[in-house]
Amino acid sequence: VPQHAVKEHGDGWCQPEIMVSNGPFRLTDWEPGRIMVFDRNPRYHGSTRGNVARVTLDLAVPAAELEARYLADQVDALSSGWFGSEEVIDRLRRRFPAEHSTRDSFVTVFYCLGVGMPPLDDRRLRRAMAMAVDRTALVARGRHWLPSPASGGLVPPGMSGHVRGVGTSYDPHTAGELVAAVSGDEALPEITVLARQGNEVAAQQLCADWRAIGIPSRIQTCSWTDYLATWSKASGPKVGVTTWFADYPDPDSFLRFCVELYLPDWRHDRYRTLVEHATRTTDPADRLVTYEEAERILAEEAAIVPLMYESEHLLLKPWVTEYPSVPVKYPGFWKDVVIGPR
């Protein structure tokens, strides 16, 4: 972001007629919350293999209308990674199997805990909650396609730094014993489970698993944009169920940025030292060892618990002849998309 543009225009720095950018496409039209239009940037001199001149993103299309647009050939690509409706994509992939594909996607669904307030400040209870979660049942419940149960760390499979087998195993019996040790003769307070849009089914499964070991809970839903504000205002013990899409293909996106954003009250000196070291070292092997230790600390502390790893389900019209498979859908990949004759 160019500092001089922000200083000169303030909040208006990102308007299409003002925004300074140097990518393969430039923003030419924007109705916030509804539509964004990008045209190829004639000043871009990087390599390109595609022929797309304009990209239009529909940001708030109802599911029924989205399906109608695809059937009317008004949509070239429909992706679960771009907030496509599961039900719509499932119907369309069954009707047009040749137009459907599944691709790797650096996405982890997880829950985080408000560790600054009792009883969630007790690591025994947090570990009990992690042990009580049946991830296999979780991914199968109400899903039109199955993601992978998260048996590893927060960093998803396929990304450098993924640690297999570090996740907490399903053990409801031990979980119940830990809950009894924490609560003693007193009943635990009710926990609010804040579910981000699209994660309601996961929240329902979590609450069922936790009630089975004596942890009362209730669900509160919110939109994607309201999640952090709702979380900060919620009182009492709280758990958030949400999803992290990698902003860049590196463990730092998950283990530093994501953790700092969703666990602002969690303090662990060793973990912080490890992550800071990983940002400085230039030795790839050293980075991987560092991130593995960090993932083991996350699993032991159970302050943020991975639930499942998502894949991208994609529907492409037959005339889209090239559509790069990249697990992080930064806008730059549009420059290599090829649209053939209809």
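**Close-up views of cavities, cores and one helix**

The structure holds two cavities of 30 Å³ or more. The legends below describe a predicted model.

**View 1. The largest cavity holds about 100 Å³ of space.** A total of 15 residues line the largest cavity, and those closest to its centre are Leu-298, Ala-299, Ile-304, Val-305 and Pro-306. Two or more lining residues come from each of the elements α11 (284-301) and β10. By residue type, the lining of the largest cavity consists of nine nonpolar, four polar and two charged residues.

**View 2. The second largest cavity has a volume of about 50 Å³.** Which residues line the second largest cavity? The lining includes Leu-113, Gly-114 and Val-115, together with Trp-231 and Lys-238. Tyr-262, Leu-263, Pro-264, Asp-265 and Trp-266 also belong to the lining. Seven of the residues in the lining of this second largest cavity are nonpolar, one is polar and two are charged.

**View 3. The largest nonpolar core contains 63 residues.** Tyr-111, Met-129 and Trp-210 are the members that touch the most other members of the core. Strand β5 (residues 100-113) gives the largest share of this core, six residues.

**View 4. Met-129 is shown with the residues that it touches.** Leaving out residues up to four places away in sequence, Met-129 touches Tyr-111, Leu-113, Leu-120 and Ile-191. Under that same condition, Met-129 also touches Trp-210, Ile-215 and Val-239. Tyr-111 and Trp-210 are named alongside Met-129 among the core members that touch the most other members. Leu-113, touched by Met-129, is also one of the residues that line the second largest cavity.

**View 5. Another nonpolar core, of 15 residues, lies apart from the largest one.** Among the residues of this other core are Phe-25, Leu-27, Val-55 and Trp-334.

**View 6. Helix α2 (residues 63-71) has three named buried residues, Leu-66, Glu-67 and Tyr-70.** Seen down the axis of α2, the buried residues fall within an arc of 95°, so they line one face of the helix. What do the buried residues of α2 pack against? They pack against β4 (77-79), α3 (86-95) and β10 (304-316). Strand β10 also gives two or more residues to the lining of the largest cavity.

**View 7. Asp-73 lies just after α2.** Asp-73 takes a positive phi of about 60°.

Definitions and conventions: Residues are numbered from 1 along each chain as its sequence is written. This is a predicted model: local features need pLDDT of at least 70, side-chain atom pairs count only at pLDDT 80 or more; totals for chains, interfaces and linings use all residues. Side-chain values use heavy atoms; hydrogens and water are left out. Buried means under 20% relative accessible area, exposed over 50%, partly exposed in between (1.4 Å probe, protein chains only). Helices (H or I, at least four residues) and strands (E, at least two) are DSSP runs, numbered from the N terminus. The arc is that of the directions from the helix axis to the C-beta atoms. Contact means heavy atoms within 4.5 Å. On a 1 Å grid over the protein atoms alone, a cavity is a set of points where a 1.4 Å probe fits but cannot get out, and a pocket is an open set with protein on both sides within 12 Å along at least five of seven lines; lining residues have an atom within 4 Å of a point. Grid points are joined across faces, edges and corners, and a volume is the space filled by probe spheres set on the points. Ala, Val, Leu, Ile, Met, Phe, Trp, Tyr, Cys and Pro count as nonpolar, Asp, Glu, Lys and Arg as charged, and the others, Gly among them, as polar. A nonpolar core is a set of buried Ala, Val, Leu, Ile, Met, Phe, Trp, Tyr and Cys residues joined through side-chain atoms within 4.5 Å.
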